[in-house]
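Hello,

Here is the structure I promised to pass on. My notes on it follow below.

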Amino acid sequence: MKLLAVALFLGVVSASSLAQHSPDQDVIHGIRNASNAAIAVGDVTGFAVSLDQDFVVVTGNGSLLSREAYIAAFAKDFEDPHSVRFERIPDSIEVSRSVPLAAEHGHWLGRPLGRTVIYSGTYLAMWRKTASGWKLRSELFVSLECKDAAACDSYRRRYGATPAIRAH
């Protein structure tokens, strides 16, 4: 019986240590949450603050954008109350032990304000620890699902995406 109790105790201790996050992981998660909140309310300055000066992104449709072009695209979308707003949900954040970088892997959702999710996919983000704190160096988004036929058709026309994106 004592052996079972010890095994259970060690299992609980191991599980709780795996669930703990480093301070850097917590900071990155907080920055991501603030960025998501800024997107939700259309705050371009709040969104842009997390992006490093040499930030680049590959969007869900495969377009490569600079920091300035990415911010401009969000600013334009924020002018339209019916535009799709995006949320990035981290599944894991790994901080490098060798260089001042971190990798965030997660999934993303896109929905017009007050409506259900239309688009979704996966992403990978590279974070860099700078003199100003953790900043996004790059992001790669992949669109995996589109749940509205009209929105999917519009997306393909707008971005030239291949017909592989289908409504489910």
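A term first: buried means under 20% relative accessible area, exposed means over 50%, and partly exposed is whatever falls in between. By that scale Phe86, at 26% relative accessibility, counts as partly exposed. Please keep in mind that this is a predicted model.

**Overall layout**

The protein chain has 5 helices and 6 strands. Along the sequence the order is α-α-α-β-β-α-β-β-β-β-α. The chain has 168 residues, and 33% of them are buried. Its exposed area is about 10,000 Å². Carbon and sulfur atoms supply 62% of that area. I also looked at contacts between residues at least 6 apart in sequence: 49% of these join residues at least 24 apart.

**Core**

The largest nonpolar core holds 29 residues. Phe47, Leu51, Tyr70, Tyr119 and Trp127 have the most contacts inside it.

Trp127 deserves a look of its own. Set aside its neighbours within four places in sequence. Trp127 then contacts Ile28, Ile31 and Arg32, among others. Its partners also include Pro100, Leu101, Ala102 and Glu104. Trp134, Lys135, Leu136 and Arg137 are on the list as well.

Tyr119 turns up again beside strand β3. Val84 is found in that strand. Not counting residues up to four places away in sequence, Val84 touches Gly110, Arg111, Pro112 and Tyr119. The C-alpha atoms of Val84 and Leu113 are separated by 6.9 Å, with their positions 29 residues apart along the chain.

**Aromatic pairs**

A pair of aromatic rings is described by the distance of the centres and the angle of the planes. The count here comes to 7 aromatic pairs. In one of them, Phe86 and Trp108 have ring centres 5.7 Å apart and planes at 65°, so the pair is edge-to-face. It links distant parts of the chain: Phe86 is in strand β3 (residues 84-95), Trp108 is in strand β4 (residues 101-112), and the two are 22 residues apart. Is Trp108 buried or exposed? Trp108 counts as buried, at 5% relative accessibility. Phe86, as said above, is partly exposed.

There is also a cluster. Ring pairs link Phe47, Phe55, Tyr70, Phe74 and Phe78. Phe47 and Tyr70 are both among the core residues with the most contacts.

**Salt bridges**

How many salt bridges are there? The count comes to 8.

Lys129 and Asp24 meet in one of them, at 3.2 Å from N to O. Lys129 lies in strand β5 (residues 119-130) and Asp24 in helix α2 (residues 23-41), so the pair ties together parts that are 105 residues apart in sequence. Lys129 is partly exposed, at 42% relative accessibility. Asp24 is partly exposed too, at 21%.

Asp54 takes part in two of the bridges listed here. With Arg128, the N to O distance is 2.5 Å. That pair links distant parts of the chain, with Arg128 in strand β5, Asp54 in strand β1 (residues 51-58), and their positions 74 residues apart. Arg128 counts as partly exposed at 24% relative accessibility, and Asp54 does at 37%.

With Arg137, the closest N and O atoms of the bridge to Asp54 are 3.6 Å apart. Arg137 lies in strand β6 and Asp54 in strand β1, so this pair ties together parts that are 83 residues apart in sequence. Arg137 is partly exposed, with a relative accessible area of 22%. Arg137 is also one of the contacts of Trp127.

One network is worth finding on screen. Salt bridges that share partners join Arg32, Arg88, Glu104 and Glu139. Two of its members, Arg32 and Glu104, are in contact with Trp127.

**Surface**

Leu124, Leu140, Val142 and Leu144 form a nonpolar patch on the surface. Together they have about 340 Å² of accessible area. Which strand gives the most to the patch? Strand β6 (residues 133-146) does, with 3 residues. Leu140 is found in that strand. Its relative accessible area is 40%, so Leu140 is partly exposed.

Best wishes

How values were computed:
Residues are numbered from 1 along each chain as its sequence is written. This is a predicted model: local features need pLDDT of at least 70, side-chain atom pairs count only at pLDDT 80 or more; totals for chains, interfaces and linings use all residues. Side-chain values use heavy atoms; hydrogens and water are left out. Patches are made of residues with over 30% relative accessible area and no salt bridge: like charges are joined within 9 Å, nonpolar side chains (Val, Leu, Ile, Met, Phe, Trp, Tyr) within 5 Å. Accessible areas come from the Shrake-Rupley method with a 1.4 Å probe; for residues, only the protein chains shown count as cover. A salt bridge is a side-chain nitrogen of Lys or Arg within 4 Å of a carboxyl oxygen of Asp or Glu. Helices (H or I, at least four residues) and strands (E, at least two) are DSSP runs, numbered from the N terminus. Buried means under 20% relative accessible area, exposed over 50%, partly exposed in between (1.4 Å probe, protein chains only). A nonpolar core is a set of buried Ala, Val, Leu, Ile, Met, Phe, Trp, Tyr and Cys residues joined through side-chain atoms within 4.5 Å. Contact means heavy atoms within 4.5 Å. Rings of Phe, Tyr and Trp (its six-membered ring) pair if their centres lie within 6.5 Å; planes under 30 degrees apart count as stacked, over 60 as edge-to-face and the rest as tilted.
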